[in-house]
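Subject: Structure handover

Hello,

Here is the structure we talked about. Please open it alongside this message, and then read on for what turned up in it.

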Amino acid sequence: MSTEEQIRIVIGQPGADLSPVKRFWYDVYVTEMGRHVESANHERRELDDPRAASGILIVAQADDRVVGTLICTASTSGNLGEYESFYEMSALGAIHPTSTAIVTKLMVTPEYRHTSLSVRIACELYRLAVPMGLHHAIIDCNDHLLPMFQRLGFTQWREPAQHPDYGRVNILKLDCLDMAHLERVQSPLVPIARRTIPKLLSTQQGAYA
């Protein structure tokens, strides 16, 4: 097992070979968790996700082995698929779809689940997404992961629902610019937010000057 300092966080590039990532998803969801996922290719032991090619794909690597991932898909991409209705995105009102996104495939291998790797991946997404105008993120999680997401700053968005592949899930929302809330829950996103939000507001004010 590599130390956390040896883990590289990389951003997926257009046209890159995603086979190692797809095998990682298969290993976690199908082999380890025993999930029945319709998009799984059991012959190749791969689990595809079309959003990986159109969204922000963050990959954690240890010794060239995939140990963590995350996909962020902007609502404006038109690629939310079933999540548009499952998350009731239209209820977000005027901010949707311009500044909203969904976050999927945030997972790490078993040996790193009691480390800060998931937080590192989430922080990298915040650093990338907020300057891009993605200020409201929706995610779902099973009950045992709820405290981690609440610590990041997520709050309940809709009532828990039954996901066809992953069972009962909590549906959460992160208001990336709500600095007061991030500070109140002592989110690990706070240091990045303190650098990012003032620059963002300054740019917006300059645009209207």
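First, a convention for the element names: helices (H or I, at least four residues) and strands (E, at least two) are DSSP runs, numbered from the N terminus. Second, please keep in mind that this is a predicted model.

**The enclosed space**

How many cavities of 30 Å³ or more does a search of the whole structure find? The search finds one. The volume of this largest cavity is about 170 Å³. Its lining has 20 residues. Nearest the centre are V103, L125, A137, F154 and L174.

Five elements each give at least two residues to that lining: strand 5, strand 6, helix 4 (117-129), strand 7 and helix 5. Helix 4 contributes the most, with four residues. By residue class, the cavity lining has 18 nonpolar residues, two polar and no charged.

**The open pockets**

The largest pocket has a volume of about 570 Å³. It is lined by 26 residues, and Y29, L106, M107, H144 and L145 are the closest to its centre. At least two lining residues come from each of helix 1 (19-32), strand 6 (100-108), strand 7 (136-141) and helix 5 (146-152). Strand 6 has the largest share, at six residues. The lining of this pocket splits into 16 nonpolar, five polar and five charged residues.

The second largest pocket comes to about 290 Å³. It has 18 lining residues. R51, E82, Y83, D165 and Y166 lie nearest its centre. Here the lining counts are seven nonpolar, four polar and seven charged.

**Helix 1**

Helix 1 deserves a separate look. It runs for 14 residues. From first C-alpha to last it reaches 18 Å, close to the 20 Å expected at 1.5 Å a residue. Where is the kink in helix 1 centred? It is centred on Y26, with a bend of about 30°.

Y26 is also one of the buried residues of this helix. The others are S19, V21, F24, W25, V28, Y29 and V30. Y29 appears again among the residues closest to the centre of the largest pocket. The cover over the buried residues of helix 1 includes strand 2 (40-41), strand 3 (46-47), helix 2 (51-54), strand 4 (56-62), strand 5 (65-74) and strand 6. After the helix comes G34, with a positive phi near 70°.

**Two residues in strands**

C72 sits in strand 5. Is C72 buried or exposed? The cut-off for buried is under 20% relative accessible area. C72 is at 4%, so it counts as buried. Leaving out residues up to four places away in sequence, C72 touches G55, I56, A101, I102, L125 and L134. L125 is also among the residues nearest the centre of the largest cavity. C72 and L146 are 74 residues apart in sequence, and their C-alpha atoms are 19 Å apart in space.

H136 belongs to strand 7. Its relative accessible area is 17%, so H136 is buried too. Not counting neighbours within four places in sequence, H136 contacts I95, S99, T100, A101, L174, D175 and C176. A101 is also a contact of C72, and L174 is one of the residues nearest the centre of the largest cavity.

**Backbone points to check**

- The peptide bond joining H96 and P97 is cis, with omega at about 10°. P97 is in the loop between helix 3 (83-86) and strand 6.
- E88 lies in the loop between helix 3 and strand 6. Its phi is positive, near 55°, and the residue is not a glycine. At a relative accessible area of 35%, E88 is partly exposed.
- D64 is found in the loop between strand 4 and strand 5. It has a positive phi of about 65°, although it is not a glycine. Is D64 buried or exposed? Its relative accessibility is 69%, and exposed means over 50%, so D64 counts as exposed.

Best wishes

Terms used
Residues numbered from 1 in each chain as written. Predicted model: local features only at pLDDT ≥ 70, side-chain atom pairs only at ≥ 80, totals over all residues. Heavy atoms only, no water. 1 Å grid on protein atoms, 1.4 Å probe; cavity = no way out; pocket = protein on both sides within 12 Å on 5 of 7 lines; lining within 4 Å. Points joined across faces, edges and corners; volume = space filled by probe spheres on them. Nonpolar A, V, L, I, M, F, W, Y, C, P; charged D, E, K, R; others polar. Expected span 1.5 Å × (residues − 1). Bend = angle between axes of the 7 residues up to and from the residue. Buried < 20%, exposed > 50% of the residue type's maximum accessible area, 1.4 Å probe, protein only. Contact = heavy atoms within 4.5 Å.
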